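User: I am new to this structure and would like to learn how to read its features one at a time. Could you take me through them, giving the general idea before each case?

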Amino acid sequence: MDLQARKLSLIEYLINLKDEQVFNKIEAIAKNNSFEKEDYLSGSFSEDEMIARAEIANEDYAAGRIMTLEQLEAEVKNW
């Protein structure tokens with residue numbers, strides 16, 4: 001899935017999101033720019049940000065939005 005498709009998928013997810021607590025956590029992460037490269041590599045996530053990331057990951061897994069290791073390795077080869 002290319003970046004544009006992933007962005008659209010995320011927008012669709014946010015539009016359909018009903019849980020305000022999850023939205024608040026996503027919003028806090030976005031506002032704090034926690035996905036900046038240096039933050040990601042340094043591991044400087046707050047506890048709330050880590051919980052929000054885990055909740056999103058759990059929702060993705062439950063919805064089947066996952067990739068096998070083989071799929072990921074194939075995608076990485078195209079970078």
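Analyst: What follows is a walk through the fold, the salt bridges, the buried residues and the surface. This is a predicted model, in which local features need pLDDT of at least 70 and side-chain atom pairs count only at pLDDT 80 or more, while totals for chains, interfaces and linings use all residues. Residues are numbered from 1 along each chain as its sequence is written, and side-chain values use heavy atoms, with hydrogens and water left out.

User: How many helices and strands are there in the protein?

Analyst: Helices (H or I, at least four residues) and strands (E, at least two) are DSSP runs, numbered from the N terminus. Here the protein has 5 helices and 0 strands, and the pattern along the sequence reads α-α-α-α-α.

User: How does the span of α4 agree with its 16 residues?

Analyst: The expected span of a helix is 1.5 Å times one less than its number of residues. For α4, with 16 residues, that rule gives 22 Å, and the end C-alpha atoms are 22 Å apart, which agrees. After α4 comes G64, whose phi is positive, near 80°.

User: What counts as a salt bridge, and how many does this rule give?

Analyst: A salt bridge is a side-chain nitrogen of Lys or Arg within 4 Å of a carboxyl oxygen of Asp or Glu. By that rule the count is 2 salt bridges. In one of them E55 pairs with K25, and their closest N and O atoms are 3.3 Å apart. This pair links distant parts of the chain, since E55 is in helix α4 (residues 47–62) and K25 is in helix α2 (residues 20–31), 30 residues apart. R65 also forms a salt bridge with D60, where the closest N and O atoms are 2.8 Å apart.

User: Are E55 and K25 buried or exposed?

Analyst: A residue is buried under 20% relative accessible area, exposed over 50%, and partly exposed in between, using a 1.4 Å probe and protein chains only. E55 has 28% relative accessibility and so counts as partly exposed, and K25, with a relative accessible area of 25%, is partly exposed. In the R65 and D60 pair, R65 is partly exposed at 42%, and D60 is partly exposed at 25%.

User: Which residues does E59 touch, beyond those up to four places away in sequence?

Analyst: Contact means heavy atoms within 4.5 Å. E59 lies in helix α4 and is partly exposed, with a relative accessible area of 26%. Not counting residues up to four places away in sequence, E59 touches Y13, V22 and R65. Across the protein, among contacts with a separation of 6 or more, 31% join residues 24 or more positions apart.

User: What share of the residues is buried?

Analyst: Of the 79 residues of the protein, 13% count as buried. L17, in the loop between α1 (3–16) and α2, is buried at a relative accessible area of 19%. Leaving aside neighbours within four places in sequence, L17 is in contact with V22, F23 and I26.

User: Which side chain of opposite charge is nearest to E75?

Analyst: For charge, Lys and Arg count as positive and Asp and Glu as negative, while His and the chain ends are not counted. E75, in helix α5 (residues 69–77), is buried yet has no salt bridge, and the nearest side chain of opposite charge is R6, 5.1 Å away. Leaving aside neighbours within four places in sequence, E75 is in contact with M1 and M67.

User: Which residues make the nonpolar surface patch?

Analyst: Patches are made of residues with over 30% relative accessible area and no salt bridge, where like charges are joined within 9 Å and nonpolar side chains (Val, Leu, Ile, Met, Phe, Trp, Tyr) within 5 Å. Accessible areas come from the Shrake-Rupley method with a 1.4 Å probe, and for residues only the protein chains shown count as cover. The nonpolar patch, of about 550 Å², is made by M67, L69, L72, V76 and W79. M67 is placed in the loop between α4 and α5, where M67 is partly exposed at 44%.
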